[in-house]
Every structure is written in structure tokens, then in C-alpha cells.
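The following report describes a single protein chain, moving from one local element to the chain as a whole and then to its cores and selected residues. Please keep the sequence and the structure in view while reading.

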Amino acid sequence: MLMTLWNMRQTGQIDYFVLLLQFLMISLVVFVALPVHEVAHGLVADRLGDKTARYSGRLNLNPLTHLDKLGTLMMYLVGFGFAKPVPVNPHNFKNPRTGMALTALAGPMSNLLMAMLSVGLFRVIALFVTGKALIVWGFLLVYLFAGINISLMIFNLLPIPPLDGYRILGLVLPGKWLYFVNRYQQVITWGVMLLIFTGVLSTPISYLSSLIQSLISMLFGLGNHDFYIFGLLFFQYI
């Protein structure tokens, strides 16, 4: 949102409708997608034998239980953020490395599932709804919500700490490398923050997100042509 506002000020035209739309979509992600992401971690850990998340009261969808102040602020400012990590004790798993990898993978997969469900829901609703306004608004909400979830999935799968991708990589990474990365994890984390705020990660993540979103759309019988038509209808409608 901050970058959008900055670009608008540079052009001298501030589109409050676009800002409101971005605010609403980010709020949907903050209060729905992030809690689901964290609960997915906790549920898989719980099924694999670690009850830490359950005992910590983290197996619920109450957003206030999961939100992190800095992560939430980042979501509204730069479009990427994080929630409070679900506590996991790898010693409770039969195989600590495998347990941690599967627990980490659950979060990004929940984002992929939410993206697919939103596109599928829109596809079903579009079959029965004839009102152009409803279809257009439905397309917009689905397109944005699915896109943000896919971006969150890709971002969390990056193999750098403290992201989920690093925990998954830990399944095959040699112990000495794990020790080295863990030793400098704080420095690496701040480096990731810098990459986020400078927008260095935006282009590759956006490219991969668009590719995956196109594949999901094709899976539900919605090609790029359909999204192009819906986009034209939306801009005509507003």
C-alpha cells in the first residue's frame, strides 16, 4: 500500500478507490490467510506428535492469537508480512527433521489450497449468477485473494531462515550447514527484511505468482482470456 500511495503521489493522482481495495484485501489476508497458515503448521505438528501448539492455544482461527505487530505492519506497508510463529518442539517428533519439514510445508500448502478454493468457488458461483456486477466484483476479489496467497506461498518457500523453506531444506541440508545458518540466522533475517523493503524480491515472486495463478485458472477452466475479459468488465463497471 505504501508503494502504491508513493507512486500515486509521484503522478499527482491519488486513487482512493484503489487504496481502499488494497486495504480490504490485505485485511482479508491478515485476518484469514495468515491465521489459517499458522493453524496448518500447528495441526500437522499436532498430528505428528507435538502438542506444543495445542497447549499454547494456537490451534484456533482467532486472528488476535496469531498476529505479530511488525509482521502485520509490513503487510499493510509493503504487501509481505508474517504472523507469530506457531511453537514447535522437534524433540516430540519420531523423526525431528522429517517432522519439522512436514510441519513447515503445511503453511505454504494452506496458502495454495486457499488460492485454489477461491478460484474454484468463483467458477461455481459464475455458473449460477447472471448479474454482471456480482461476477465482476467476484472476479476481482478472487483474483486478488488468490494472487496474494500464492505470493505468500512462494515467499515462505524461500530456503532462508526464518522462512518455511529453510525448515524444509533442513531435511536434506548437512548438519554443519544447519549449524552455520543457525549461527547467523539473525543477520540473515535482517537481510531478508532489507530485500523485502527494497522490493528486490517483488519481481521474481510476482512472475512465479502469475505463472501459478494461470495454471490454477486453467485447472478450473478459466484461461488468461477469461481473466482479461473480466478485467475489462471491471474497469468499465467502475
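## Helix α5 and its aromatic pair

In helix α5, the residues G71, T72, M74, M75 and Y76 are buried, and it should be said at once that the model is a predicted one. At the start of this helix, a side-chain oxygen of D68 comes to within 3.0 Å of the backbone nitrogen of L70, while just after α5 the residue G79 adopts a positive phi of about 90 degrees.

Helix α5 also takes part in an aromatic pair, and the structure holds one such pair. Its members are F23 and Y76, whose rings lie 5.4 Å apart from centre to centre with 35 degrees between the planes, an arrangement that counts as tilted. The pair links distant parts of the chain, since F23 belongs to helix α2 (residues 16-47) and Y76 to helix α5 (residues 69-78), with their positions 53 residues apart in sequence. Is each partner buried or partly exposed? F23 is partly exposed, because its relative accessible area of 38% lies between the limits of 20% and 50%, whereas Y76 counts as buried because its value of 19% falls under 20%.

## The chain as a whole

The secondary structure comes to twelve helices and zero strands. Of the 238 residues in the chain, 39% are buried. Among contacts between residues at least 6 apart in sequence, 71% join residues that are at least 24 apart. The chain exposes about 13,600 Å², of which carbon and sulfur atoms supply 70%.

## Nonpolar cores

In soluble globular proteins, nonpolar side chains tend to be buried together. Here the largest nonpolar core has 22 residues, and V119, I150, F155, I196 and I205 are the ones that touch the most other members. At least two residues of this core come from each of the helices α6 (96-128), α7 (132-156), α10 (185-198) and α11 (202-219), and α7 gives the most, with eight residues. When neighbours within four places in sequence are left aside, V119 is in contact with V142, A146, I216, S217, F220 and L222. A second, separate core holds 13 residues, including I26, V30, L34 and L67.

## H41 and G221

H41 is located in helix α2, and its relative accessibility of 7% means that it counts as buried. The side chain of H41 makes a polar contact of 3.3 Å with the side chain of D164. Not counting residues up to four places away in sequence, H41 touches V86, T103, A104, A106, G107, P108 and D164.

G221, by contrast in setting, is placed in the loop between α11 and α12 (224-237), and with a relative accessible area of 45% it is partly exposed. Although G221 and G120 are 101 residues apart in sequence, their C-alpha atoms are 9.4 Å apart in space.

The accessibility values of the residues discussed singly are collected here.

| Residue | Relative accessible area | Class |
|---|---|---|
| F23 | 38% | partly exposed |
| Y76 | 19% | buried |
| H41 | 7% | buried |
| G221 | 45% | partly exposed |

Conventions: Residues numbered from 1 in each chain as written. Predicted model: local features only at pLDDT ≥ 70, side-chain atom pairs only at ≥ 80, totals over all residues. Heavy atoms only, no water. Core = buried A, V, L, I, M, F, W, Y, C linked by side-chain atoms within 4.5 Å. Buried < 20%, exposed > 50% of the residue type's maximum accessible area, 1.4 Å probe, protein only. Helix = DSSP H or I, 4+ residues; strand = E, 2+ residues; numbered from the N terminus. Contact = heavy atoms within 4.5 Å. Phe/Tyr/Trp six-rings, centres within 6.5 Å; stacked < 30°, edge-to-face > 60°. Polar contact = N/O pair within 3.5 Å; in protein donor to acceptor, adjacent residues only side chain to side chain. Areas by Shrake-Rupley, 256 points an atom, 1.4 Å probe, with all protein chains shown as cover.
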